[in-house]
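New to this one? Take a look at the sequence and the model below, and then we'll walk through a few spots together.

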Amino acid sequence: MLRRRPHDPGRLPDGDDALDGEDTPLAIHVLYELHYRGFDGVDERWEWEPGLLRERRRLEEEFEGRLVATVGPPPIAPTANEVTGELDGLLHRECPSLSRWILEHGGLRELRELAVHRSIYQLREADSHTFAIPRLFGGPKAALVEIQRGEYGDGAPAGVHAEVFGETMVALGLDATYGAYLDHTPGTTLSTVNLVDLFGLHRRWRGALAGHLAHFEMASAVPMGRYAAALRAAGRPSAARFYDLHVEADAHHGPVGRDLLAAGLARVEPAVAGDIVFGARALAAVEDRFATAIMERWACGDSSLRRPIRCDGGT
């Protein structure tokens, strides 16, 4: 499997843990990326190469095992009301708040590093969840399409959220090229992306993907508002548009995800209701680990990235 360049001595040691390590999350990410935009110089037929799929399955089993060990297995046959109760509980739980830390203590360095971390997902935002559209039917399908239409700018290219995030990176003096910072991001970051790709690329995890998206949308508006405020306080108001868009959009998408997608799917496909809860719990767990790892580095005055980044100053 591919290995990244050596990191700074004494920081973020390599390991093989599928959730918190370095090499295994990278290997999973590389294999998943073959289903998205691929890599320069790599034949696109490798996407369905049986040998790679066998290796991916082995690594996925390790990843799934770590998720179950962390949050427990999917609960058995929860009702739609129990699913929404679980989503509400996750929303109001005590958890490490990266957005609050940045608003209260952060500056341009932290905002830039956050953008680097999130670029692995945000530059193709929503694509993983779109895999669920042909796997759902009726009301849950319609709810998912409604959310995804907003993520893709309601048909306007300039409003596509992934494109707007690229504008944010440029305004922060960063490289908005897709995948430019893969070599800088630690395994805990890659695991946040691997999670949604795992759910998105497997029909059997369609319930977990719905739960992931529902919790994602429900929990987004408040931290997005904090990031926008932090960018303005740091003198980068032009970088705040991406976060402003999410404050507005997710105020609508949150209830759609909760009531029409998650609860609706639990009603029409009760067999996957437990997976909906599992997906939401798994998202909360990997995001908590992601936030904790970053804040621990920042609290020590260190970079949260594997390698330092260069900026052109931004506007």
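What follows is a short tour of a pocket and three loop residues in this predicted model.

## The largest pocket

Let's begin with some empty space. The largest pocket comes in at about 900 Å³. Its lining is made up of 38 residues, and the ones nearest the centre are Ser 99, Ala 219, Ser 220, Pro 223 and Glu 287. Quite a few helices chip in: those giving two or more residues to the lining include helix 4 (98-105), helix 10 (206-218), helix 11 (221-233) and helix 13 (273-299).

What is the lining made of, in terms of nonpolar, polar and charged residues? The split is 25 nonpolar, seven polar and six charged.

## Two loop residues with positive phi

Ala 77 sits in the loop between helix 2 (50-71) and helix 3 (80-91). Although it isn't a glycine, Ala 77 has a positive phi of about 50°. With a relative accessible area of 58%, Ala 77 is exposed, because the cut-off for that is over 50%.

Asp 154, in the loop between helix 7 (138-151) and helix 8, also isn't a glycine and has a positive phi, of about 55°. Its relative accessibility is 48%, so Asp 154 counts as partly exposed.

## A buried threonine

Now for the loop between helix 8 (161-171) and helix 9 (187-201), where you'll find Thr 185. Is Thr 185 buried or exposed? It's buried, with a relative accessible area of 0%. The Thr 185 side chain reaches the backbone oxygen of Leu 182, at 3.0 Å.

Key: Residues numbered from 1 in each chain as written. Predicted model: local features only at pLDDT ≥ 70, side-chain atom pairs only at ≥ 80, totals over all residues. Heavy atoms only, no water. Helix = DSSP H or I, 4+ residues; strand = E, 2+ residues; numbered from the N terminus. Buried < 20%, exposed > 50% of the residue type's maximum accessible area, 1.4 Å probe, protein only. Polar contact = N/O pair within 3.5 Å; in protein donor to acceptor, adjacent residues only side chain to side chain. 1 Å grid on protein atoms, 1.4 Å probe; cavity = no way out; pocket = protein on both sides within 12 Å on 5 of 7 lines; lining within 4 Å. Points joined across faces, edges and corners; volume = space filled by probe spheres on them. Nonpolar A, V, L, I, M, F, W, Y, C, P; charged D, E, K, R; others polar.
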